[in-house]
Every structure is written in C-alpha cells, then in structure tokens.
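Visitor: I am new to reading protein structures, and I would like to know how the labels are earned. Could you walk me through a few of them?

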Amino acid sequence: QVQLVESGGGLVQAGGSLRLSCAASGRTFSNYAMGWFRQAPEEEREFVAAISSSGGTTHYADSVKGRFTIDRDNAENTVYLQMTSLKPEDTAVYYCAAADLGSDYLVGYLLSDFSSWGQGTQVTVSS
C-alpha cells in the first residue's frame with residue numbers, strides 16, 4: 001500500500017482559500033487514482049474530489065464544484081486540493097486516499113474504491 005500524509009489545513013474566514021497537500025510514499029504514485037474526502041463531527045465521511053492516475057480525469061462533489069480544484073504532480077508524488085470561496089459548511093477533517101484502479105483515466109468516488117488513507121488534516125472555516 002501507499003502511505004499518505006496530508007498537510008495544509010487550518011483556520012480560515014468564510015470566503016477565504018486554502019491549499020491542501022497529500023504526499024505519498026511507498027509505492028509508485030503514478031499508478032494510483034487519488035481522492036479527497038472529508039468528515040465533519042458526527043457526520044459520515046463524504047466524497048469531495050478525485051483525479052485519475054494520469055491526472056487527465058477529475059470528478060467533484062456537487063457541493064464543491066466550481067470552488068475546489070484537485071490536481072497532482074506525479075514527479076513530486078503529491079496530490080493537491082485547492083479550496084476557494086470557503087464556507088462554514090466546508091469545516092471538516094479532510095482525508096486523501098489512494099485507489100489502484102488499473103487505469104490511467106478512471107476515478108473512484110466511493111469509500112470502498114480506496115485502499116490507502118492518510119491521517120487527515122483539519123479545516124475550519126469561520127463565519
């Protein structure tokens with residue numbers, strides 16, 4: 001499995017921006033589709049965004065479409081989540097995850113698609 005470490009979380013005012021990073025190690029990063037999920041207190045973990053192993057395909061939850069952008073740098077073994085126009089309802093622990101889908105263009109969006117998870121980074125948006 002691939003090991004994942006998120007960073008970049010913090011406290012931001014509504015309307016602000018944050019960029020999350022997820023550094024991967026242990027396996028060939030470019031073989032894995034990647035995803036971001038989030039979990040608010042007393043809520044289930046939910047899908048946020050995903051990107052294929054090649055970076056050519058992306059997919060977003062409706063709640064973040066147009067505000068968040070996922071991208072990756074396979075040379076740096078890192079996936080990013082650029083978050084803009086943040087809202088208080090975006091407050092959650094954000095997790096990155098890796099999925100071995102055996103494809104350059106497929107993305108995953110179900111929890112069960114992903115086999116490796118990071119420890120999470122807290123994002124808090126104040127109103």
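Guide: Gladly! Let us begin with a definition: a salt bridge is a side-chain nitrogen of Lys or Arg within 4 Å of a carboxyl oxygen of Asp or Glu. Keep in mind that this is a predicted model.

Visitor: Why is the contact of Arg-67 and Asp-90 called a salt bridge?

Guide: Their side chains meet at 2.8 Å, N to O. The cut-off is 4 Å, so the pair of Arg-67 and Asp-90 qualifies. Arg-67 sits in the loop between β6 and β7, while Asp-90 sits in the loop between β8 and β9, 23 residues apart.

Visitor: What makes Arg-38 and Asp-90 a salt bridge too?

Guide: Use the same test: the closest N and O atoms of Arg-38 and Asp-90 are 2.9 Å apart, within 4 Å, so the name fits. Here Arg-38 belongs to strand β4, and the two partners are 52 residues apart.

Visitor: And what joins Arg-38 to Glu-46?

Guide: Another salt bridge, at 2.6 Å from N to O. Through shared partners, Arg-38, Glu-46, Arg-67 and Asp-90 become one network. A search of the whole structure gives four salt bridges.

Visitor: How do you know whether Asp-90 is buried or exposed?

Guide: Its relative accessibility is 1%. Buried means under 20%, so Asp-90 counts as buried. Arg-38, at 6%, is under that cut-off as well, so it is buried too.

Visitor: Why is Glu-46 called partly exposed?

Guide: Glu-46 has 36% relative accessibility. That value lies between the 20% limit for buried and the 50% limit for exposed, so Glu-46 is partly exposed.

Visitor: What makes the link of Cys-22 and Cys-96 a disulfide?

Guide: Their sulfur atoms are 1.9 Å apart. The limit is 2.5 Å, so the pair counts as a disulfide. The structure holds one disulfide. Cys-22 lies in strand β3 and Cys-96 in strand β9, so the link ties together parts that are 74 residues apart in sequence. Both cysteines are buried.

Visitor: How do you know that β1 and β3 pair?

Guide: Two strands pair if there are at least two bridges between them; β1 and β3 have five, so they pair, and they do so in the antiparallel sense. Leu-4 stands opposite Ala-24 in β3.

Visitor: Which residues form the covered face of β1?

Guide: Leu-4 and Glu-6 do, whereas Gln-3, Val-5 and Ser-7 make up the uncovered face. In a regular strand, side chains alternate between the two faces of the sheet.

Technical notes: Residues are numbered from 1 along each chain as its sequence is written. This is a predicted model: local features need pLDDT of at least 70, side-chain atom pairs count only at pLDDT 80 or more; totals for chains, interfaces and linings use all residues. Side-chain values use heavy atoms; hydrogens and water are left out. Buried means under 20% relative accessible area, exposed over 50%, partly exposed in between (1.4 Å probe, protein chains only). Helices (H or I, at least four residues) and strands (E, at least two) are DSSP runs, numbered from the N terminus.
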